[in-house]
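User: I would like to go through this protein step by step. Please keep the answers short and show the reasoning.

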Amino acid sequence: MPVLQLNDQQFPLGAGPTRIGSGDDVQIALPGDRAAGVQAEIERAGSGPATIRRSTPTAQVKVNGVLLGAEPTPLMHGDRVEIGGVELRYADDSKAGATQFVSVHDIGALAGGERSAGTRPAAPSGGRLVSLVDGKEYMVPDGGLLLGRDASCDVVVAQNEVSRRHAEIAPGDLGYVVRDTSANGVFVNGERVQGSRRLNRSDVLRVGTEEFRFHADAAPAVAAPVPAAAPTPVTSAPAAPLPGARGVDAAKATMMSQPTSPAMPRTDDPRPELASLEILNEGPSKGTRFVVRTALTHVGRGAHNDIRLADDSVSETHAKLQRRDDGWYVVDMNSTNGTYVGGTRIAGERRLEGTPDVRFGGMKLRFTSADAATEGEGKGTRAIASVERLRRTVPAAAPAQPTPEPRSGGVPIWAWVAAVILLAAAALFMLGGRA
């Protein structure tokens with residue numbers, strides 16, 4: 001039976017609610033001010049996990065050093081519970097064989113099965129890790145949280161079995177995702193992560209022999225869909241295949257011709273466009289454009305990625321794009337078929353300069369940052385303006401014209417010749433009349 005242990009005393013937790021605090025209405029009385037009343041309540045439903053909640057909005061209740069919010073939190077074997085400044089320990093003899101404490105690195109393995117029964121989805125905000133060793137808290141920033149042996153990591157676990165860059169936790173569209181980049185693995189609730197895994201609230205991560213509990217804001221509840229009346233069967237012709245696609249390739253081309261929802265640009269997304277990837281492979285998917293709106297974007301075949309490339313040559317978790325102070329970088333995530341920049345396979349990471357071609361397995365795309373796109377537009381505008389100025393400055397070649405007759409004093413020569421002839425004719429006429 002689960003118990004709460006206070007110094008040398010053990011308080012069994014039976015089925016139903018157990019009130020903790022001071023006064024006549026509590027089952028577990030704590031030392032301190034009797035006027036404080038009921039501070040917390042632990043609920044057990046059958047053989048499922050126990051949950052703890054605050055009894056009043058002002059009650060100070062912590063689990064492993066983290067202050068509880070308005071919602072209840074599941075308890076796991078070995079959790080430290082602090083109520084009104086009094087520290088207790090939660091233990092479950094069904095997990096340990098007897099009511100006793102266990103080392104923190106055994107908690108995840110002992111509670112793995114139980115945690116899966118009480119999963120609570122997390123929103124992509126408020127993410128933090130709490131060490132089950134010393135209670136230290138680590139916030140998960142928008143750019144992600146890196147765990148490993150290297151001193152540059154956000155959470156340093158100085159153990160030989162821990163890789164230099166062991167794991168990463170980052171927010172995505174549907175919540176937080178942990179990605180394993182290690183040799184010896186990352187464990188969530190006692191189960192090894194295969195590539196990556198979405199985290200639920202109160203999950204326990206194990207890196208080496210150290211344990212961390214994950215906390216985040218609760219995901220909004222999704223209302224159950226209202227059953228609709230069965231539609232009248234309508235016979236319709238199958239959709240026409242895309243040009244150039246046949247058989248199985250047509251179905252694949254249809255799937256590849258549209259970005260998946262995590263990468264689909266949304267007109268109502270207030271976040272600015274930071275960069276983009278455009279498919280260059282010949283075929284129906286050519287020209288498909290994926291918008292990058294976060295400083296850390298993951299690329300791969302799996303549905304958990306921000307940009308999903310549904311191609312067999314792309315690994316489940318293939319690579320990531322990361323914006324840093326000095327520009328954009330592409331980081332290969334130990335993919336099978338490699339990541340290439342400008343036709344050269346990278347080892348680890350590579351800085352992206354200009355608008356390079358980036359290949360993930362067999363998928364070739366052009367990367368363009370928003371800064372590069374703006375700069376390119378500016379250069380193009382200046383070039384067009386220069387051409388226009390040149391057209392205005394240099395007159396267009398005129399069609400050939402007959403050479404104008406020489407002028408003398410502004411009167412054409414033929415006029416002078418005609419005048420001379422007239423004068424000569426007049427003179428001859430006058431002389432003939434005298435004769």
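Analyst: One definition comes before the rest: a residue is buried under 20% relative accessible area, exposed over 50%, and partly exposed in between. Keep in mind that this is a predicted model.

User: With that in hand, is Asp357 buried, exposed or partly exposed?

Analyst: Asp357 has a relative accessibility of 24%. Buried needs a value under 20%, and exposed needs one over 50%. The value for Asp357 fits neither class, so Asp357 counts as partly exposed.

User: Which residue forms a salt bridge with Asp357 at 3.7 Å?

Analyst: A salt bridge needs a side-chain nitrogen of Lys or Arg within 4 Å of a carboxyl oxygen of Asp or Glu. Here the closest N and O atoms are 3.7 Å apart. The partner is partly exposed, at 34% relative accessibility. That partner is Arg366.

User: Which residues are joined with Asp357 into one network?

Analyst: Salt bridges that share partners build this network. Asp357 and Arg366 belong to it. The network also takes in Lys364. The residues joined with Asp357 are Lys364 and Arg366.

User: How many salt bridges does the count come to?

Analyst: Side chains of opposite charge can pair when their charged atoms come close. One example is Glu353 with Arg351, at 3.2 Å from N to O. Glu353 is exposed at 56%, and Arg351 is partly exposed at 34%. The count comes to 11 salt bridges.

User: How far apart are the closest N and O atoms of Glu282 and Lys286?

Analyst: Glu282 is exposed, with 65% relative accessibility. Lys286 is partly exposed, with 44%. The two form a salt bridge, and their closest N and O atoms are separated by 2.8 Å.

User: Now the strands. Is β17 largely enclosed or open to the outside?

Analyst: Strand β17 covers residues 175-180. Six of its six residues are buried. Therefore the rest of the structure leaves β17 largely enclosed.

User: Over how many bridges do β16 and β17 pair?

Analyst: Strand β16 spans residues 167-172, and its pairing with β17 is antiparallel. A hairpin of two residues links these strands. Within the pair, Ile169 stands opposite Val178. The number of bridges is six.

User: Which strand does β17 join through three bridges?

Analyst: This pairing is antiparallel as well. Arg179 faces Ser196 across it. The partner covers residues 196-198. That strand is β20.

User: What is the order of the strands in this sheet?

Analyst: The sheet is open, has five strands and shows mixed pairing. β15 (155-156) and β20 stand at the edges because each has a single partner strand. Strand β14 (residues 145-148) pairs with β16 in the antiparallel sense over three bridges, with Leu145 opposite Ile169. The order is β15-β14-β16-β17-β20.

User: Which ring pairs with that of Tyr176?

Analyst: The search of the whole structure gives three aromatic pairs. In this one, the centres are 5.4 Å apart and the planes meet at 65°, which is edge-to-face. Tyr176 lies in β17 and its partner in β22 (residues 210-215), so the pair ties together parts 38 residues apart in sequence. Tyr176 is buried at 2%; at 0%, so is its partner, Phe214.

User: Why is the pair of Trp328 and Phe367 called edge-to-face?

Analyst: The ring centres lie 5.6 Å apart. Trp328 is buried at 5%, and Phe367 is buried at 1%. Planes over 60 degrees apart count as edge-to-face. The pair earns the name because its planes stand at 65°.

User: Which residues make the nonpolar surface patch of about 270 Å²?

Analyst: One member, Val417, is found in helix α5 (residues 413-434). Val417 is partly exposed, with 43% relative accessibility. The patch is made by Ile413, Val417 and Ile421.

User: Last, the whole protein. What share of its residues counts as buried?

Analyst: The protein has five helices and 35 strands. About 24200 Å² is exposed, and carbon and sulfur atoms supply 55% of that area. Of the 435 residues, the buried share is 40%.

Technical notes. Residues are numbered from 1 along each chain as its sequence is written. This is a predicted model: local features need pLDDT of at least 70, side-chain atom pairs count only at pLDDT 80 or more; totals for chains, interfaces and linings use all residues. Side-chain values use heavy atoms; hydrogens and water are left out. Buried means under 20% relative accessible area, exposed over 50%, partly exposed in between (1.4 Å probe, protein chains only). Helices (H or I, at least four residues) and strands (E, at least two) are DSSP runs, numbered from the N terminus. Two strands pair if DSSP finds at least two bridges between them. Patches are made of residues with over 30% relative accessible area and no salt bridge: like charges are joined within 9 Å, nonpolar side chains (Val, Leu, Ile, Met, Phe, Trp, Tyr) within 5 Å. Accessible areas come from the Shrake-Rupley method with a 1.4 Å probe; for residues, only the protein chains shown count as cover. Rings of Phe, Tyr and Trp (its six-membered ring) pair if their centres lie within 6.5 Å; planes under 30 degrees apart count as stacked, over 60 as edge-to-face and the rest as tilted.
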